[in-house]
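I opened a new page for this entry. My plan was to go over the protein chain as a whole and then turn to the DNA.

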Amino acid sequence: MSKNLVIVESPAKAKTIEGYLGKDFKVVSSYGHVRDLPKGDKAIDIANGFRPTYEVTADKKEVIKNLRKLAKEAETIYLASDDDREGEAISWHLKEALKLKDDFTKRIVFREITKSAIQKALENPRNIDEDLVYAQQARRILDRLVGYELSPVLWKKIKRGLSAGRVQSVAVRLVVEREREVEQFNVQSFFKISAIFDIDGKELKAELPKRFDTEAEAQAFLESCKGADFTIESLDKKPGKRSPAAPFTTSTLQQEASRKLSFSVAQTMTVAQRLYEAGKISYMRTDSVNLSDEAMNGAKNEISAAYGSEYSHPRKFKTKSQSAQEAHEAIRPTDFSAHTAGKDYNEKRLYELIWKRTIASQMADAELEKTTVSIGISTSNERLVATGEVIVFEGFLKVYIESTDDEDNGDEAKGMLPPLSIGQSLNLDNIKARQGFTRPPARYTEASLVKKLEEMGIGRPSTYAPTISTIQKREYVIKENREGNDRQYTELILKNDNIESHSLTEVTGAEKSKLFPTNIAMVVNDFLVDHFPNVIDYSFTANVEEEFDQIAQGSQHWDVMIQNFYGKFHQTVEETEQIDRREVGASRELGTDPETGKPVIARLGKFGPLVQIGE
DNA sequence: CAGTGAGCGAGCTTCCGCTTGACTT
């Protein structure tokens, strides 16, 4: 019989911690939240200060039964759920559901799963922070009120089965508005000049920093270069450096796995979960970029052993996110000496990504030498510019290069320049003026939408993947590939004092695994923007988060905060009753019925699209 | 008389955040 019972949220964590503690401790898991508001409308007593009724969730009945039995046998119970708002609420719900007595119940917190951190936590127990629990309650009740009052409005006025909520509706709004930006984008053509010089058989590529708006201007520039002398006017060498990115959080892992491994966000989480359960990586739902001292040491030792100590550079990263709660470490390998881990191909690839990213974050900067060459044109005041980049010391680039969202490779890999000197006269091979086109903002991928949501402080690491699934399941958004269209462009080439014009073809607008809004998403979004601009506002979450913080600090009552929001919100919900559902959404006249002469109208009915004759 | 369709009523849909594992495809 163990004297002490420790309850954490995750079973894998429980197993690890039990290994750190002696046989006087039994460590078990609650499997996350154990109680929640029931589904019906009895969950919140709106008339009585929004008093909530909680129930043990169906899938947690068995868990609570077991925990109750273990709690009875223990002398002291340590509630060790995560050190954040939700974790505090879990501890409180456990205390209530297990009917734990204050005298035997202690609340402990730690933000890394290391022996020293756990022991320190056990030496510094505290009580449950009631204000923090109230803040969570406010969050939960607000989400329920918004979701369960808004969704039925959509059923009545648009279509059954639809949903709306603080997080998902903003996600849909982003996709809808981006699509409209793309549709309305005004494509502009321009001409970009690049020159190639022959330096003793080696190529030197230079570009004109300015672009021409018209073919005539580009043509005129090329004309002016006929017979010109090209001379190096200046050579500017500057040292530069690049620093590694921070270790992975949930959202950055999802982004990199999407770009480098083509994983969906859900797939990334499933594979990471398996690595976590196998003890290969730390917890995968986190917003923290922090590494424990123990991890930093492990990385340092591994880097020194594998690459040499000059490659080691321990660093602590700070989160840029306002909304981060940082209850865990960053996502990292548990054992840095394991360069590979995982049972199948995908696990191995994801682990390798995590290993490299974490190791790189603790490595030295890469040192570069950047050279800028300015090339004068005897017949013009314009100057061509060539740039080169030489890596003097690889540093972290030895193991990891972060990718970017830009599909446009932009400037090609800058390499080493051939030996050059000031005053040197250059031998022109050709100058090209290539027509280019401005591009609309990129449509979202699953991962870039997650990134955007995180930047706006909307959603949490545990909900990013489910949110992305929900908006697809509701058919607000579809992920798909689209084929591009052919587009003509013009290229002018000056070679041997002769200008040739070519008309060429490129593919434009091709999309791969991008998020597109459906018609229903447009209708729902416009309806919500029209009638509930406050709730669907991009800063709504940030605003209510500020109030949750005040509740957590004890400077605001949770029920007052909810009342302030709900009064006006509920009134708006009632006002929508008056709206004629035919006014909402995309009804369209198709023509007139030849028999009756009545108009034929396509519109959205309760069960989907329909066509009707007459009003 | 069989089949169609209007009209009615009952029951259902839905949120976010914390965890896995039990399901099906």
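Before counting, I noted that helices are DSSP runs (H or I) of at least four residues and strands are runs (E) of at least two, numbered from the N terminus. The model I looked at is predicted.

**Entry 1: the whole chain**

I looked up the elements of chain A and found 17 helices and 21 strands. I then looked up the extent of the C-alpha trace, which spans about 95 × 85 × 45 Å along its principal axes. Chain A has 615 residues, and 48% of them are buried. For contacts with a separation of 6 or more, I noted that 73% are between residues 24 or more positions apart.

**Entry 2: surface and charge**

I looked up the exposed area of chain A, which is about 31,400 Å², with 46% supplied by carbon and sulfur atoms. I also looked up the charged side chains: 88 are positive and 97 are negative. The centres of the two sets lie 6 Å apart.

**Entry 3: DNA strand B**

Which residues come nearest to DNA strand B? Of the 38 residues around the strand, I listed Ser 10, His 33, Gln 168, Tyr 283 and Ser 462. Of the strand's atoms within 4 Å of the protein, 63% belong to sugar and phosphate.

I then noted single atom pairs. A polar side-chain atom of Arg 139 is 2.9 Å from a base oxygen of DNA strand B. For Gly 161, a polar backbone atom lies 3.0 Å from a base oxygen of the strand. Helix H5 (130–157) and helix H9 (265–277) are the elements that give two or more residues to the surface near the strand. H5 gives the largest share, nine residues.

Definitions and conventions. Residues numbered from 1 in each chain as written. Chains lettered and ligands numbered in written order. Predicted model: local features only at pLDDT ≥ 70, side-chain atom pairs only at ≥ 80, totals over all residues. Heavy atoms only, no water. Buried < 20%, exposed > 50% of the residue type's maximum accessible area, 1.4 Å probe, protein only. Contact = heavy atoms within 4.5 Å. Areas by Shrake-Rupley, 256 points an atom, 1.4 Å probe, with all protein chains shown as cover. Lys, Arg positive; Asp, Glu negative; His and termini not counted. Charge placed at Lys NZ, Arg CZ, Asp CG, Glu CD. Near = heavy atom within 4 Å. Polar contact = N/O pair within 3.5 Å; in protein donor to acceptor, adjacent residues only side chain to side chain.
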